[in-house]
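Work through the exercises below with the structure open. Try each task before reading its solution.

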Amino acid sequence: MEEVVELLRQAATDRTPITCAGAQTSTTAASITDKGVLLSLRALDRISAIDERARTIKVGPGALVGEIKRSAATAGLLFAPDPTSEEESTIGGAIACNASGARTFKYGAARKHVQALKVVMANGELMEFRRTNLEKNTAGYALAHDPIDWFIGSEGTLGIVVEAELALLPLPAHVVGLAVFFRTEEEALRFVVATRESGTVAPRCIEYFDDQAIGIARTVAQGGMLPDGSTAMIYVEEEVGDDLDSTLGRWGELIESIAPDFDPLVFDGEARLREARKIRHSVPSTMNERGTRYRDAGGRKVSTDWAVPYHKVGEAIRTARAFAADRGVEQAVIYGHVGNGHPHQNFIARNARELATIEGVVEQTLKRVLALGGTVAAEHGIGKIKRRWLPLQMNGLQIAMMTAVKRELDPLGILAPGNIL
Ligand SMILES: Cc1cc2nc3c(=O)[nH]c(=O)nc-3n(C[C@H](O)[C@H](O)[C@H](O)COP(=O)(O)OP(=O)(O)OC[C@H]3O[C@@H](n4cnc5c(N)ncnc54)[C@H](O)[C@@H]3O)c2cc1C
């Protein structure tokens with residue numbers, strides 16, 4: 001911590017840019033730079049004892065999210081944020097990106113679970129920010145109520161997180177997962193809306209796999225567990241109360257009303273849930289590997305991160321697929337957090353020319369997404385790669401307000417130059 005303070009003091013004196021890196025799993029180039037110093041926070045990975053009465057845990061920014069979850073679980077507690085990359089990404093990165101995951105559907109994104117932060121400011125000053133948790137507050141502008149929120153999601157541009165106090169929840173005693181299979185994508189997306197509006201089930205996640213994503217999942221799933229003939233899958237989890245049969249019965253009725261053709265798969269118990277998680281993770285990691293093969297030719301994976309209100313996700317995916325088809329682009333693999341209206345499209349560009357065409361399709365899709373009331377970036381942040389799309393969503397005044405905050409907290413512009421603004 002002291003070294004970070006010293007480094008920032010020096011950087012402020014000689015105007016050296018400093019970009020933080022956690023585990024560098026960012027998909028937006030936020031943690032790479034060709035300017036100044038790349039500061040790795042990985043070594044600040046301490047996980048302190050849990051305060052069981054307050055239900056909090058103190059951690060260094062370099063601790064892996066998965067490690068924090070395991071530490072919490074030993075005390076019967078849950079650290080809820082669950083980016084799919086939780087076993088390879090740090091809490092500093094999760095805070096800086098306001099990361100989320102499948103269970104964000106129930107628990108909210110990282111922001112909600114950050115209680116206090118120690119931050120090294122651009123001038124080298126070490127400051128502490130604690131969430132107020134006031135139920136009522138009319139003192140001044142809302143943007144100044146909880147300064148801790150300036151740093152969460154700021155992608156390393158406003159300060160460097162050197163310690164975090166995280167809020168924990170009681171660990172649910174019993175969780176069951178269900179994989180539900182459909183003949184068509186349209187049927188699956190109708191099921192999402194029905195699930196959200198049923199009032200009979202209480203999922204903590206609603207995840208989508210299209211036919212190509214199922215194809216990838218088949219390569220890691222245990223033999224024959226995904227049925228032939230289905231072209232779409234929805235994976236849900238619910239925390240079971242006293243009675244598993246009643247939980248499964250409620251889901252059975254809902255599934256029967258929309259997708260009676262295939263029996264759902266049940267993932268009951270910790271080992272089976274881990275298996276489901278591994279299957280889910282296989283999709284983005286396989287697509288990353290595929291994209292990496294084309295780097296030398298100027299290609300890469302292009303991942304969208306847009307989201308729309310959940311009941312418009314069917315329309316958004318239909319339109320996105322049509323835009324790709326119109327320009328002769330191979331259909332993306334589509335998977336992810338449809339319960340929050342937030343599927344990812346993963347395209348593979350094999351060279352620079354394909355990359356330009358795909359980015360054109362993505363931009364066209366983002367304009368449609370915004371017209372549907374959505375966002376261009378729901379969990380990965382803006383970084384450098386998506387910066388040009390921010391003005392599609394934010395007007396000049398919003399960008400000017402963010403620039404004013406940046407200027408106030410980092411007047412020399414030395415923190416993570418090129419991210420967001
Ligand atoms: C296979 C795969 C799956 C993914 N799934 C998800 C997902 O489900 N949900 C999701 O939200 N994201 C996901 N991501 C994106 C990424 O993993 C997350 O954004 C993650 O939180 C980044 O953590 P990191 O430690 O790798 O951070 P890095 O990539 O190292 O950094 C990310 C940003 O945080 C800043 N930063 C890092 N540490 C600090 C610090 N201590 N103080 C200030 N700024 C800091 C960096 O400057 C950068 O701007 C996925 C990525 C991959 C490769």
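Two exercises follow, on a predicted model.

**Exercise 1. Place glutamate 379 and find out what surrounds its side chain.**

Solution.
- Step 1: locate the residue. Glutamate 379 sits in the loop that runs between α11 (352-371) and α12 (390-393).
- Step 2: check its exposure. Glutamate 379 is buried.
- Step 3: look for an opposite charge. Arginine 280 has the nearest such side chain, 5.8 Å away. A salt bridge requires the atoms to be within 4 Å. Glutamate 379 has no salt bridge.
- Step 4: look for polar partners. Its side chain makes a polar contact with the side chain of histidine 380, at 3.4 Å.
- Step 5: list contacts beyond four places in sequence. Among them are Cys97, Asn98, Ala99, Ser100 and Gly101. Asp305, His337, His342 and His344 are also in contact with glutamate 379.

**Exercise 2. Trace the open sheet of 7 strands, then add the helices that pack on the sheet.**

Solution.
- Step 1: write the strand order. The order is β13-β10-β12-β11-β15-β16-β14, with antiparallel pairing.
- Step 2: find the edges. β13 (265-268) and β14 (300-303) each have a single partner strand, so each has one side without a neighbour in the sheet.
- Step 3: read the twist. From one strand to the next, the average is 15°.
- Step 4: examine one pair. β11 (residues 203-209) and β15 (residues 333-337) run antiparallel and are joined by 2 bridges. Here tyrosine 208 stands opposite glycine 336.
- Step 5: add the helices. α9 (residues 270-292) lies across strands including β10, β11 and β12, at about 135° to β15. α10 (residues 313-326) touches β15 and β16, and its direction makes about 15° with that of β16.

Conventions
Residues are numbered from 1 along each chain as its sequence is written. This is a predicted model: local features need pLDDT of at least 70, side-chain atom pairs count only at pLDDT 80 or more; totals for chains, interfaces and linings use all residues. Side-chain values use heavy atoms; hydrogens and water are left out. Helices (H or I, at least four residues) and strands (E, at least two) are DSSP runs, numbered from the N terminus. Buried means under 20% relative accessible area, exposed over 50%, partly exposed in between (1.4 Å probe, protein chains only). Lys and Arg count as positive and Asp and Glu as negative; His and the chain ends are not counted. A polar contact is a pair of N or O atoms within 3.5 Å; within protein, one must be able to donate a hydrogen and the other to accept it, and residues adjacent in sequence count only if both atoms are side-chain atoms. Contact means heavy atoms within 4.5 Å. Two strands pair if DSSP finds at least two bridges between them. Axes are lines fitted to C-alpha atoms, for helices over the stretch in contact, and angles run from 0 to 180 degrees between N-to-C directions.
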